Amino acid sequence: DVLFERALIAERDRRPQQLDDLLQRMALYDLSGVRKQSWSAPATFSLQTTPPGARVTVARYERDPKGRRQLSPARDLGLSPLLSASLAPGSYLLTISLPGAVDVRYPISVTRGDNLSVSVDLPAPSQVPDGFVYVPPGRFLFGSSADETMRKSMLSTVPIHEVRTEGYLIAKYETTFGDWLTFLSALSPTDRARYLVKPTTSAMPGAVGLAQLPSGEWELTLQPTIKKFIVKGNQKIVYDSRKTNREQDWHKLPVSGITLQDAKDYAAWLDKSGKLPGARLCTEFEWERAAKGADDREWPHGDDILAGDANFDATYNFDAPSMGPDEVGRFPLSQSPFGVHDLAGNAFEWTLSSLAKDESSVRSSSYFFAAIVQRSTNRNTLDPS
């Protein structure tokens with residue numbers, strides 16, 4: 001009984017090695033198997049959809065040898081409403097489909113004896129613009145289970161705990177320079193000038209410059225590390241030292257070098273122009289749920305990140321001339337449970353802080369930083385300028 005109680009505490013505190021040890025020791029004394037049966041008690045799951053009659057399938061997330069969480073083959077749960085379905089403790093992805101509605105992905109995480117009731121309004125195709133996914137209202141685990149020293153000093157986040165969000169739409173891809181130029185082109189010359197950035201003359205890593213030439217053509221100056229690129233029109237950025245992903249269409253790179261207010265202005269323009277009514281920046285709760293799904297993973301696709309899973313320092317062998325932003329969506333291995341790309345690496349993303357008032361927060365890290373910084377649980381505060 002003591003070992004059972006200690007295992008509950010180890011599970012609560014996210015100490016997997018200690019948990020495995022305690023469960024193995026418990027099995028030595030639990031000759032009747034009563035405690036093992038109690039430990040594995042199934043969760044009860046109910047689902048209602050509006051409209052009803054949706055097909056519901058479920059697939060379980062399992063850890064593979066590389067630290068990724070892979071989906072097992074899906075099984076059919078039937079048509080909604082579902083009442084008192086039984087699920088073993090674990091992490092799952094529900095897929096909810098109904099003719100005339102958008103398919104909805106719904107990650108859930110359940111524990112022994114859990115009683116989870118979910119209600120989902122299925123959006124019509126007209127309610128989900130191209131390039132966006134719908135995240136329904138629901139619960140997830142926010143924060144990190146890393147040890148206290150790393151959590152406080154490195155990740156700057158809170159201990160992992162359950163949080164809930166309402167439903168929202170989120171873009172599948174990072175906002176690109178092409179998206180940004182559409183915004184700038186819609187402004188008057190006076191308003192547009194506020195967002196143009198003169199390229200620096202110094203060799204400053206990370207420098208970004210965006211200018212409109214007298215001909216009306218746009219010119220980007222980008223220096224990811226030690227090499228400066230100047231491109232315009234349909235010219236490509238070419239990373240000569242790379243073996244893969246050498247050529248990049250700069251219009252499809254994530255926009256960078258913009259302030260927090262710039263990002264807010266872009267979202268406000270999407271709203272006012274009618275291109276995306278209600279557009280705004282994500283809160284950190286919304287961003288992290290879109291990245292992790294419902295469970296305690298540290299990266300969008302699992303418990304580790306390997307070179308080539310996303311665009312970070314190891315992907316191009318830590319070679320500075322090879323480092324730089326890539327076209328959005330180039331790394332499907334790190335796609336999140338909701339189908340969102342580049343929530344690890346490529347470019348930092350502005351979010352609205354969920355933990356402190358008036359705090360400027362960026363998430364996802366970028367091409368230049370190490371694996372630890374790419375964690376979906378990692379928070380970075382940055383000057384809004």
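**Aromatic rings in contact**

Let's start with Phe285, which has a relative accessibility of 23% and so counts as partly exposed, since that value falls between the 20% and 50% limits. Keep in mind that the model you're looking at is predicted.

Phe285 is a handy way into the aromatic side of the structure, which holds 14 aromatic pairs. In one of them, Phe285 meets Phe142 edge-to-face, with 4.7 Å from centre to centre and 80° between the planes. The two rings come from distant parts of the chain: Phe142 belongs to strand β10 (residues 138-142), Phe285 belongs to helix α8 (residues 284-292), and they are 143 residues apart. Phe142 is buried, because its relative accessible area is 0%.

Now look for Trp180 and Tyr195, another edge-to-face pair, with centres 5.9 Å apart and planes at 90°. Here Trp180 sits in helix α5 (residues 177-185), while Tyr195 is found in the loop between α6 (189-193) and β13 (207-212), 15 residues apart along the chain. Trp180 is buried at 2% relative accessible area, and Tyr195, at 7%, counts as buried too. These two also have company: together with Phe183, Tyr266 and Trp269 they form one aromatic cluster.

Rings can also have a charged side chain over them. Arg242 lies over the face of Tyr316, 3.7 Å from the ring centre. Over at Tyr61, the charged end of Arg297 sits above the ring, at 4.5 Å from its centre.

How values were computed: Residues are numbered from 1 along each chain as its sequence is written. This is a predicted model: local features need pLDDT of at least 70, side-chain atom pairs count only at pLDDT 80 or more; totals for chains, interfaces and linings use all residues. Side-chain values use heavy atoms; hydrogens and water are left out. Rings of Phe, Tyr and Trp (its six-membered ring) pair if their centres lie within 6.5 Å; planes under 30 degrees apart count as stacked, over 60 as edge-to-face and the rest as tilted. Helices (H or I, at least four residues) and strands (E, at least two) are DSSP runs, numbered from the N terminus. Buried means under 20% relative accessible area, exposed over 50%, partly exposed in between (1.4 Å probe, protein chains only). A charge sits over a ring if NZ of Lys or CZ of Arg is within 6 Å of the ring centre and within 35 degrees of the ring normal.
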